[in-house]
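Me: I'm a first-year student and would like a close look at one part of this protein: the aromatic rings that pair up. Could you walk me through them, and then link them to whatever else stands out?

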Amino acid sequence: MQLMTTPAPTFEKPFPALTAAQRYHFDLHGYVVVPDTLTRDECAGLIEAMKNLRRDLHAAKAANPGVAKPTVRGAFFEIDSPHHAFTANFYEYDDRMLDYACNPRLVAMAEEIMGCEARLTEINAHINTRAPGPIEPDPKYGFHAGVDINFGSHVAGGLYHCNFVKTLTTLVDLGPEDGGTVVVAGSHKINTDRDAMIAAAYEDRSLIHQFTGTAGSTLLFAETLIHATGQVRSDIERAIIIAGYGPIMYPRWDLHIENTVDELPFSDAFRKRIPPQLRNLLLGKLHWSRNARYRKLGYPVDDMPRKPVAWPAK
Ligand SMILES: O=C(O)CCC(=O)C(=O)O
């Protein structure tokens, strides 16, 4: 007798998600800008969700004056100043934000750079305007990287891979005066003193590349790349949303090193909502099989649109 089984649903994603030229650019510089990953309507929806969250967090702060970091459905402020709202951990706040982090094409880009299946390690967003004070002609930035080159990188098929990848998407049109993310180009591979590299980049600012693009463009980068928030010099209100990804057996970055791993858990109701095909992406998997997958540079891009996985109603 043959048992009939229903195949488990899978998370359909393109492979490879980058064109050969985009992959080459990524390898050379440590980042690539991919246009049109979101529609303008999706960008507008995300800005609305981010502004609603900022409003709700302000209300939570007013209602809980003694609490250092009040949360709204798990989300909190990393920075709350008149010109900068940096919100994080909004998995349970608004499904539009969740859909961003689970976008099949964006997840596929991160997986291509890691060379394996991804789990989400963090989600956050920034709304910021020009900071008070004078505009310096040659600003200094808060340059940093999330993982060191020795641990974070490997090469397969001659292509660079990193185990911590970000998709950072601008929700507004970003010109050169609009504070786009700045990076020290190529620093994902130059395995030497970070401060010396930053000093070299300030000495020759052509080494500092800045993210510009139309709303819905994504800066895909390796966290070995030295990067920072740019300086807003125009009257723009910059709005960006960021998802971080790592291999499925890695912990969430946003648990913070000083916390125990249980401090920012998902609610039971949220865990129950996670569709089966998104469980590895949201929850990771405590096993060493990472489901490795590598492209060759010459592979043609898979640009067939994939439907996002639908979440059950709340
Ligand atoms: O605000 C930005 O443009 C950069 C964000 C950043 O530095 C990060 O996600 O690590």
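Reply: Let's begin with two aromatic residues: Phe143 is buried, and so is Tyr202. This is a predicted model, so please read each value below as computed from it. For Phe143 the relative accessible area is 12%. A pair of aromatic rings is described by the distance of the centres and the angle of the planes. The ring centres of Phe143 and Tyr202 are 5.8 Å apart and the planes meet at 45°, so this pair is tilted. Where do the two residues sit? Phe143 is in the loop between strand E4 (118-128) and helix H5 (149-152), while Tyr202 belongs to helix H6 (residues 194-203), so the pair ties together parts that are 59 residues apart in sequence.

Phe143 has another ring partner, Tyr141. Here the centres are 5.5 Å apart and the planes are at 65°, which makes the pair edge-to-face. In total, the model has eight aromatic pairs. Elsewhere, Tyr91, Phe266, Phe270 and Trp311 form one aromatic cluster.

Next, the cysteines. A disulfide is a covalent bond between the sulfur atoms of two cysteines. How many disulfides are there? The count is zero. Cys43 shows why: its closest cysteine sulfur, in Cys102, is 17 Å away, too far for a bond, given that the two sulfur atoms would have to be within 2.5 Å. Cys116 is in no disulfide either, since the nearest cysteine sulfur, that of Cys162, is 11 Å away. Both of these cysteines are buried: Cys43 has a relative accessible area of 1%, and Cys116 has 4%.

Buried residues also turn up in helix H1 (20-29), namely Gln22, Arg23, Phe26, Asp27 and His29. In an α-helix, residues three or four places apart point the same way, because there are 3.6 residues a turn. Among the elements covering the buried residues of H1 are strands E1, E6 (159-162), E9 (208-210) and E10 (218-222), together with helix H4. Right after H1 comes Gly30, with a positive phi near 90°.

That brings us to backbone angles. Most residues other than glycine have a negative phi, and most peptide bonds are trans. Which residues depart from this pattern? Asp36 is not a glycine, yet its phi is positive, about 55°; Asn89 also has a positive phi, near 65°. Asp36 lies in the loop between E1 (31-34) and H2, and Asn89 in the loop between strand E3 (84-88) and H3. Their surroundings contrast: Asp36 is exposed, at 55% relative accessibility, whereas Asn89 is buried, at 7%. As for peptide bonds, the one joining Phe15 and Pro16 is cis, with omega about -10°. Pro16 is in the segment before H1.

Finally, a look at empty space. The second largest pocket has a volume of about 520 Å³. Its lining has 25 residues, and Thr37, Leu38, Glu42, Asn103 and Pro104 lie nearest the centre. H2 (40-63), H3 (95-101) and H4 (104-114) each supply at least two lining residues, and H2 gives the largest share, four residues. By type, the lining divides into 10 nonpolar, six polar and nine charged residues.

Definitions and conventions. Residues are numbered from 1 along each chain as its sequence is written. This is a predicted model: local features need pLDDT of at least 70, side-chain atom pairs count only at pLDDT 80 or more; totals for chains, interfaces and linings use all residues. Side-chain values use heavy atoms; hydrogens and water are left out. On a 1 Å grid over the protein atoms alone, a cavity is a set of points where a 1.4 Å probe fits but cannot get out, and a pocket is an open set with protein on both sides within 12 Å along at least five of seven lines; lining residues have an atom within 4 Å of a point. Grid points are joined across faces, edges and corners, and a volume is the space filled by probe spheres set on the points. Ala, Val, Leu, Ile, Met, Phe, Trp, Tyr, Cys and Pro count as nonpolar, Asp, Glu, Lys and Arg as charged, and the others, Gly among them, as polar. Buried means under 20% relative accessible area, exposed over 50%, partly exposed in between (1.4 Å probe, protein chains only). Contact means heavy atoms within 4.5 Å. Rings of Phe, Tyr and Trp (its six-membered ring) pair if their centres lie within 6.5 Å; planes under 30 degrees apart count as stacked, over 60 as edge-to-face and the rest as tilted.
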